[in-house]
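Here are my comments on the model, set out as numbered points for you to check against the coordinates.

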Amino acid sequence: MFTNGFNPRPEVSVSYNPLAQEFVVREGTATYHTTDAMDAYNTAIHIAGRTGRKVAIRTSAKSRISKARYADV
């Protein structure tokens, strides 16, 4: 396969898999799986800060992370 160095998804993405009931953080070919919403969010923020990429929270994970982030308020 020909690659020209272009990454079609240059972000760190966070999604939720309802079948496995876990969050998946993806950066390139690396993945991180966790059942904790805040762990997934904090991991994505850390990776994005280290690599200079943006964080993209997919629709499947948005409400769950939002609830976890504002649960302490």
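1. Buried residues account for 30% of the 73 residues in the chain, and this figure, like every value in this note, is computed from a predicted model. The chain exposes about 5,300 Å², of which carbon and sulfur atoms supply 52%.

2. As for the fold, the chain has two helices and four strands, and the elements follow the order β-β-β-α-β-α from the N terminus on. When contacts between residues at least 6 apart in sequence are taken, 49% of them join residues at least 24 apart.

3. The two helices deserve a separate look. Helix 1 and helix 2 pack with their axes 9 Å apart and at an angle of about 100°, and because angles of 65 to 115 degrees count as roughly perpendicular, helix 1 is described as roughly perpendicular to helix 2.

4. Which residues of helix 1 meet helix 2? From helix 1 the participants are Ala37, Met38 and Tyr41, and they meet Arg64, Ile65, Ala68 and Arg69 in helix 2. By class, the residues of this contact of helix 1 with helix 2 comprise five nonpolar and two charged, with no polar ones.

5. On charge pairing, side chains of opposite charge can pair when their charged atoms come close. The structure holds two salt bridges, and I take them in turn below.

6. One salt bridge joins the side chains of Arg58 and Glu11, with an N to O distance of 2.8 Å. Arg58 sits in the loop between strand 4 (54-57) and helix 2 (59-69), while Glu11 belongs to strand 1 (residues 11-17), and the pair thus links distant parts of the chain, 47 residues apart. Glu11 counts as buried because its relative accessibility is 18%, where buried means under 20%, whereas Arg58, at 27%, counts as partly exposed.

7. In the other salt bridge, the side chains of Glu27 and Arg53 meet at 3.4 Å, again given as N to O. Glu27 lies in strand 2 (residues 22-27) and Arg53 in the loop between helix 1 (37-51) and strand 4, so this pair ties together parts that are 26 residues apart in sequence. With a relative accessible area of 26%, Arg53 is partly exposed.

8. When checking the two salt bridges, please keep in mind that the model is predicted and that side-chain atom pairs count only at pLDDT 80 or more.

Terms used:
Residues are numbered from 1 along each chain as its sequence is written. This is a predicted model: local features need pLDDT of at least 70, side-chain atom pairs count only at pLDDT 80 or more; totals for chains, interfaces and linings use all residues. Side-chain values use heavy atoms; hydrogens and water are left out. A salt bridge is a side-chain nitrogen of Lys or Arg within 4 Å of a carboxyl oxygen of Asp or Glu. Buried means under 20% relative accessible area, exposed over 50%, partly exposed in between (1.4 Å probe, protein chains only). Contact means heavy atoms within 4.5 Å. Accessible areas come from the Shrake-Rupley method with a 1.4 Å probe; for residues, only the protein chains shown count as cover. Axes are lines fitted to C-alpha atoms, for helices over the stretch in contact, and angles run from 0 to 180 degrees between N-to-C directions. Angles under 35 degrees count as roughly parallel, over 145 as roughly antiparallel, 65 to 115 as roughly perpendicular and the rest as oblique. Ala, Val, Leu, Ile, Met, Phe, Trp, Tyr, Cys and Pro count as nonpolar, Asp, Glu, Lys and Arg as charged, and the others, Gly among them, as polar.
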